[in-house]
Amino acid sequence: GVAPFEQKGRVGVSLDSKIEAELANYQLEEGENYYRVVDRTNLEKIIKEQKLQLSGLVDRKQASKIGKLSGAQALVVGNVSSAAVEDRRYREDRVKYVNCDKKGKNCTRREYTVSCIARTATVGAQVKLTDIERGDFITANNYNQSKTWRSCEDSSASMPSSAQGLEILADEIASTFVYRLVPHYVTFKVTLYKKSELKLEKELANKFESGVDFIKVGRMDRAEEIFADLMDATQGKSYAVIYNYAVIIESQGKYEDAKNLYEQADRLTLSPEKNINVALGRIRKIISNHNKAMEQISRQAKI
């Protein structure tokens with residue numbers, strides 16, 4: 001659910017409805033909405049019946065109470081602390097060449113100024129997500145968004161109205177906040193070892209190169225077979241072999257197994273290896289985020 005936001009700025013900004021729309025329309029797979037959003041009218045009715053002020057909803061106890069009454073598992077609450085637009089007029093210098101000859105030379109230089117305007121919109125907001133079952137905040141964020149548009153009398157560039165400028169910033173805040181709540185695909189680059197740090201027999205060295213080639217084209221099935229064989233052939237003593245094998249295992253979502261392999265590769269190095277250091281940092285973060293996500297899913301499944 002998304003509760004109505006308290007508006008503290010001089011101008012109203014529909015940040016709450018934008019967050020609600022993004023959550024309601026988000027699809028991980030085409031044709032299937034990921035979230036079911038509680039009807040706003042019902043939320044407003046409950047808030048009115050409970051005689052609560054919007055400012056009080058940022059308190060997790062109040063938010064949890066409204067969530068339970070509305071049937072929501074989580075409730076987004078917040079306020080727009082500031083919303084303002086300021087116009088600044090200024091002049092810019094221009095140079096124009098006129099009265100040129102037929103060859104476009106021997107022109108007269110003409111200097112002049114034009115009137116311009118800079119429109120700066122700012123929006124400040126606090127947005128929180130409350131876990132209704134536990135009665136605590138899953139996430140709480142403060143946003144201070146600002147953007148400036150410029151236009152001069154000799155330019156065809158369009159400038160949004162004051163209201164449009166504020167809504168653009170509200171859209172950006174809503175997108176940033178909702179992005180934290182929805183599952184999404186993340187891509188990143190992984191550097192492979194092109195050869196082993198150990199001196200391998202020609203046949204094994206060729207096998208190593210072949211395994212890397214299979215990884216590059218996404219043939220993880222063949223790459224896994226090759227590097228599993230290399231793990232046996234090198235008796236687990238090559239950190240390059242173990243690292244590349246760990247990359248394959250990580251791509252399959254076997255995060256704990258991949259972490260153990262990266263740590264095994266790390267123990268074989270005599271000095272810090274950049275690839276391994278980066279991989280360990282990445283896999284630990286992935287495992288931490290994965291565990292948090294599974295905890296959330298587990299709680300939802302019990303409700």
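## Exercises on a predicted model

Gln 235 is exposed, with a relative accessible area of 60%. (Exposed means over 50% relative accessible area, buried under 20%, partly exposed in between, with a 1.4 Å probe and protein chains only.) This is a predicted model, where local features need pLDDT of at least 70, side-chain atom pairs count only at pLDDT 80 or more, and totals for chains, interfaces and linings use all residues. Residues are numbered from 1 along each chain as its sequence is written, and side-chain values use heavy atoms, leaving out hydrogens and water.

**Exercise 1. Place Gln 235 and describe its phi.**

Step 1. Find the loop between α6 (220-233) and α7 (239-251); Gln 235 is there. Helices are DSSP runs of H or I with at least four residues, strands are runs of E with at least two, and both are numbered from the N terminus.
Step 2. Read phi: for Gln 235 it is near 55°, a positive value in a residue other than glycine.
Step 3. Set that against the general pattern: most residues other than glycine have a negative phi.

**Exercise 2. Do the same for Asn 106, then state whether it is buried or exposed.**

Step 1. Asn 106 sits in the loop between β4 and β5.
Step 2. Its phi is near 55°, again positive in a residue other than glycine.
Step 3. The relative accessible area of Asn 106 is 66%, so it is exposed.

**Exercise 3. Work out the strand order and find the edges.**

Step 1. List the strands: four form an open sheet, ordered β1-β4-β5-β6, with mixed pairing. Two strands pair if DSSP finds at least two bridges between them.
Step 2. Pick the edges. β1 (6-7) and β6 (136-152) each have a single partner strand, so one side of each lacks a neighbour in the sheet.
Step 3. Check β1: two bridges join it to β4 (residues 74-98), and the two strands run parallel. Glu 6 has Asn 79 in β4 as its bridge partner.

**Exercise 4. Describe how α2 packs on α3.**

Step 1. Take the geometry: α2 (residues 40-49) and α3 pack at about 125°, with axes 10 Å apart. Axes are lines fitted to C-alpha atoms, for helices over the stretch in contact, and angles run from 0 to 180 degrees between N-to-C directions.
Step 2. Classify the angle. α2 is oblique to α3, because under 35 degrees is roughly parallel, over 145 roughly antiparallel, 65 to 115 roughly perpendicular and the rest oblique.
Step 3. Name the residues. Asn 42, Leu 43, Ile 46 and Ile 47 in α2 meet Ile 66, Leu 69 and Ser 70 in α3. Contact means heavy atoms within 4.5 Å.
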